[in-house]
Amino acid sequence: MGLDHQGCDRTGPEEPALPVEAREEQDVESPLLGPALHEQPLLRRTRELLSRYHLRPVKSLGQNFLVDENLARRLVAAALEAEPETVLEIGAGLGALTVPLGQSGVRVVAFEKDPKLAAPLRELCGPLPGVT
């Protein structure tokens with residue numbers, strides 16, 4: 001599951017893909033703001049950051065934002081199996097892997113090519129020591 005370059009939430013065959021803006025209008029409760037942003041569910045956090053920073057995935061950069069919590073957990077678990085001291089993340093995006101890696105206590109060096117994603121990443125990872 002992810003958000004594609006058109007800003008659509010690909011949720012599966014049982015539910016049609018809707019633009020993020022249309023799905024946000026369906027949300028009854030507004031997302032939490034402030035320091036607890038990194039503790040929000042991944043899909044909600046991604047929507048909040050895309051909305052707050054007026055972002056959309058950039059097709060020419062091949063951007064898709066990971067919003068599947070289970071897949072993110074499996075990827076993080078696989079990365080931590082070798083008990084690394086440092087994890088190098090290329091294409092940190094909106095922190096779907098950066099946050100749980102940082103919360104695990106491992107040092108994370110995250111790189112992102114899109115300069116528009118730097119501010120949301122700083123906001124999200126600011127409270128996580130060891131994430132640069």
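The second largest pocket of this predicted model has a volume of about 190 Å³. Two elements, β6 (107-111) and α5 (118-125), each give two or more residues to the lining of this pocket. The largest pocket holds about 280 Å³ of space. Apart from the pockets, the model has two salt bridges, a nonpolar surface patch made by Leu88, Ile90 and Phe111, and positive phi angles at His54 and Glu83.

**Second largest pocket**

- The lining consists of Thr98, Ala110, Phe111, Glu112, Ala118, Leu121, Arg122, Cys125, Gly126, Val131 and Thr132.
- Helix α5 is the element that gives the most to this lining, with four residues.
- By class, the lining of the second largest pocket has six nonpolar, three polar and two charged residues.

**Largest pocket**

- About 280 Å³ of space lies in the largest pocket.
- This pocket is lined by 21 residues, and those closest to its centre are Asn64, Gly91, Ala92, Gly93 and Glu112.
- Glu112 also appears in the lining of the second largest pocket.
- At least two lining residues of the largest pocket come from each of α2 (42-52) and β4 (65-66).
- The element that gives the most to this lining is α2, with three residues.
- The lining of the largest pocket divides into nine nonpolar, seven polar and five charged residues.

**Salt bridges**

- Side chains of opposite charge can pair when their charged atoms come close.
- The side chains of Glu48 and Arg52 form a salt bridge, with an N to O distance of 2.8 Å.
- Both of these residues lie in helix α2, where they are four residues apart, about one turn of the helix.
- Glu48 has 11% relative accessibility and counts as buried, because the cut-off for buried is under 20%.
- Arg52, in contrast, has a relative accessible area of 27% and is partly exposed.
- A salt bridge also joins the side chains of Glu123 and Arg52, at 2.0 Å from N to O.
- Glu123 is in helix α5 and Arg52 is in helix α2, so this pair ties together parts that are 71 residues apart in sequence.
- Glu123 is partly exposed, at 25% relative accessibility.
- Glu48, Arg52 and Glu123 are thus linked in a network of salt bridges.

**Nonpolar surface patch**

- Leu88, Ile90 and Phe111 make a nonpolar surface patch of about 350 Å².
- Ile90 belongs to strand β5 (residues 86-90).
- The relative accessible area of Ile90 is 66%, so this residue counts as exposed under the cut-off of over 50%.
- Phe111, a member of the patch, is also one of the residues that line the second largest pocket.

**Positive phi angles outside glycine**

- His54 is not a glycine, yet it has a positive phi of about 55°.
- The position of His54 is in the loop between α2 and β4.
- His54 is exposed, with a relative accessible area of 72%.
- Glu83 is likewise not a glycine and has a positive phi of about 50°.
- Glu83 is found in the loop between α3 (69-80) and β5.
- At 70% relative accessibility, Glu83 is exposed.

Definitions and conventions. Residues are numbered from 1 along each chain as its sequence is written. This is a predicted model: local features need pLDDT of at least 70, side-chain atom pairs count only at pLDDT 80 or more; totals for chains, interfaces and linings use all residues. Side-chain values use heavy atoms; hydrogens and water are left out. On a 1 Å grid over the protein atoms alone, a cavity is a set of points where a 1.4 Å probe fits but cannot get out, and a pocket is an open set with protein on both sides within 12 Å along at least five of seven lines; lining residues have an atom within 4 Å of a point. Grid points are joined across faces, edges and corners, and a volume is the space filled by probe spheres set on the points. Ala, Val, Leu, Ile, Met, Phe, Trp, Tyr, Cys and Pro count as nonpolar, Asp, Glu, Lys and Arg as charged, and the others, Gly among them, as polar. A salt bridge is a side-chain nitrogen of Lys or Arg within 4 Å of a carboxyl oxygen of Asp or Glu. Buried means under 20% relative accessible area, exposed over 50%, partly exposed in between (1.4 Å probe, protein chains only). Patches are made of residues with over 30% relative accessible area and no salt bridge: like charges are joined within 9 Å, nonpolar side chains (Val, Leu, Ile, Met, Phe, Trp, Tyr) within 5 Å. Accessible areas come from the Shrake-Rupley method with a 1.4 Å probe; for residues, only the protein chains shown count as cover.
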